[in-house]
Amino acid sequence: MDNTVQTLKEIWMPLVLDVETSIHNNSPSPYKPENFLVAVGFAESKDDVQFICMQHSTEPTNPKAKAIVQGALDNTDLLVCHNTKFDLSWLQECGFSYNG
């Protein structure tokens, strides 16, 4: 492993995260009550990728979903998202917290 990557892993605990949501009236806003969080996908490493169902139409809801996602957020120092503002808005609106 490259020394720079190894050093960064020793300094930060990265979490790559993406939320999947419902969309009503062409708006995926977390502030519209008819929208809901469908699932949260995240990876703490390339070998630990998780897809946690919250309210999915064809997959069962994981009864420990909120605790699993919050635990991952609590354990990270570096959050990586494709659209961080959108993802964090959804997570905060659904009662999750991130203080990184």
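The legends below describe close-up views of one predicted protein chain.

Residues are numbered from 1 along each chain as its sequence is written, and side-chain values use heavy atoms, leaving out hydrogens and water. Because the model is predicted, local features need pLDDT of at least 70 and side-chain atom pairs count only at pLDDT 80 or more, while totals for chains, interfaces and linings use all residues.

**View 1. The protein chain holds 3 helices and 4 strands.** Helices (H or I, at least four residues) and strands (E, at least two) are DSSP runs, numbered from the N terminus. Along the sequence the pattern reads α-β-β-β-α-β-α. Of the 100 residues in the protein chain, 33% are buried. Buried means under 20% relative accessible area, exposed means over 50%, and partly exposed lies in between, with a 1.4 Å probe and protein chains only. Among contacts with a separation of 6 or more, 47% join residues 24 or more positions apart; a contact is heavy atoms within 4.5 Å.

**View 2. Strand β1 (residues 14-21) pairs with β4 in the parallel sense.** Two strands pair if DSSP finds at least two bridges between them, and here there are 4 bridges. Leu15 has Leu79 of β4 as its bridge partner, and Leu17 has Cys81. The side chains of β1 alternate: Leu15, Leu17, Val19 and Thr21 are buried on one face, while Pro14, Val16, Asp18 and Glu20 point to the other and are not buried. Strand β4 (residues 78-81) alternates as well, with Leu79 and Cys81 buried on one face and Leu78 and Val80 pointing to the other, not buried.

**View 3. Strands β1 and β2 run antiparallel and are joined by 6 bridges.** Glu20 stands opposite Ala39 in β2. Leu37 also belongs to strand β2. Because its relative accessible area is 6%, Leu37 is buried. Not counting residues up to four places away in sequence, Leu37 touches Val19, Glu20, Thr21, Met54, Gln55, Trp90, Cys94 and Phe96. Leu37 and His56 are 19 residues apart in sequence, and their C-alpha atoms are 8.5 Å apart in space.

**View 4. Lys46 lies in the loop between β2 and β3 (48-53).** With a relative accessible area of 76%, Lys46 is exposed. Lys46 and Val16 are 30 residues apart along the chain, and 9.8 Å separates their C-alpha atoms.

**View 5. The largest nonpolar core has 18 residues.** A nonpolar core is a set of buried Ala, Val, Leu, Ile, Met, Phe, Trp, Tyr and Cys residues joined through side-chain atoms within 4.5 Å. Leu17, Val40, Phe42, Met54, Val69, Leu73 and Leu91 touch the most other members. At least two residues of this core come from each of β1, β2 (37-45), α2 (65-74), β4 and α3 (84-93). Helix α2 gives the most, with 4 residues. In soluble globular proteins, nonpolar side chains tend to be buried together. Leu73 touches Leu15, Leu17, Leu79, Leu91, Phe96, Ser97 and Tyr98, leaving aside residues up to four places away in sequence.

**View 6. Thr76 sits in the loop between α2 and β4.** Thr76 counts as buried because its relative accessibility is 7%. Its contacts, not counting residues up to four places away in sequence, are Met13, Pro14, Leu15 and Tyr98.

**View 7. Helix α3 turns its buried residues toward β1, β2, α2 and β4, against which they pack.** These buried residues are Asp87, Ser89, Trp90 and Leu91. Just after α3, Gly95 takes a positive phi of about 95 degrees.

**View 8. The charged end of Lys66 sits over the ring of Phe96.** The charged end is 5.1 Å from the ring centre. A charge sits over a ring if NZ of Lys or CZ of Arg is within 6 Å of the ring centre and within 35 degrees of the ring normal.

**View 9. Cys53 and Cys81 are both buried.** Cys53 counts as buried because its relative accessibility is 8%, and Cys81 because its relative accessible area is 16%. The structure has 0 disulfides, a disulfide being a pair of cysteine sulfur atoms within 2.5 Å.
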